[in-house]
Amino acid sequence: NVLSDYSVSIIGPLLPTMVGYVSDLVDRQLDREKAMSLVKEAGLLTQVEPSSVSTASPSTTTVEENTTSSDTQEVSQEKNKQANTFTLTTIDAPEYLQVANAIVQQLQLIGLDVTVVSVPAESLYEQVIKPRNFELLLITVMYSTDADPYVFWHSSQGNGNGLNIIDYTNADIDTVLESARSATNDDDRQRAYKTFQEKLLTENPAIFLYQSSYTFAVTKKVH
């Protein structure tokens, strides 16, 4: 809805035109109640529950005995606010900012406070990716003509060695990505990539959003 007709939603790391794409991957539907439950379990709710307002506990701040109940609530809320405040870093460009703001609005509905941090595209690698200077990151992944997710998801490509920018590590996924690279035919590669996608979506280290559509203006002189 954010980008209108200029994007197509996706489920996993591979696109329909790529070898290994699987069309029947499980599409995780929005479940706001479950999301809010997980946020609550993690102690990240934006609002302090009434029962915790005037009671000292690990999730609240102990105050002096002569502090009013309203002061206690303010202190508790401030501590809770700091605990559930995150930053979402993205490129300083209209497309990314529109999507980032939409994500922020959805996260606010489940009680998370997120601030968008925009960085010029030319500074993204040195300021954000290389030092791993982010909490949440919204970026585009660009594949070469021979799409190979190895460079994004194999553990050897993390820790500054490649494009595994979240330093993701999973021995099973390493194995299937290596099998896909060494496969001598598309059938074996297809099977390896299917396993890779299923395992990756089980852990959800990243959320795959959409594939951008690009419009080109062509002169009528071209036939």
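A residue is called buried here under 20% relative accessible area, exposed over 50% and partly exposed in between (1.4 Å probe, protein chains only). By that measure threonine 90 is buried, with a relative accessible area of 0%. The model is predicted, so local features need pLDDT of at least 70 and side-chain atom pairs count only at pLDDT 80 or more, while totals for chains, interfaces and linings use all residues. Residues are numbered from 1 along each chain as its sequence is written, and side-chain values use heavy atoms, with hydrogens and water left out.

Threonine 90 is found in strand β2 (strands are DSSP runs of E, at least two residues; helices are runs of H or I, at least four; both are numbered from the N terminus). Its side chain reaches the backbone oxygen of leucine 138 at 2.9 Å. Among the residues that threonine 90 touches (heavy atoms within 4.5 Å), not counting those up to four places away in sequence, are Tyr96, Ala100, Val117 and Leu138.

Now to the sheet itself. Its three strands are arranged as β3-β2-β4, open and with parallel pairing (two strands pair if DSSP finds at least two bridges between them). Because β3 (113-119) and β4 (136-138) each have a single partner strand, one side of each is left without a neighbour in the sheet. Seven bridges link β2 with β3, and three link β2 (residues 85-91) with β4. Threonine 89 stands opposite valine 117 in β3 and opposite leucine 137 in β4. Helix α3 (residues 94-109) packs on the sheet, touching β2, β3 and β4.

Key
Axes are lines fitted to C-alpha atoms, for helices over the stretch in contact, and angles run from 0 to 180 degrees between N-to-C directions. A polar contact is a pair of N or O atoms within 3.5 Å; within protein, one must be able to donate a hydrogen and the other to accept it, and residues adjacent in sequence count only if both atoms are side-chain atoms.
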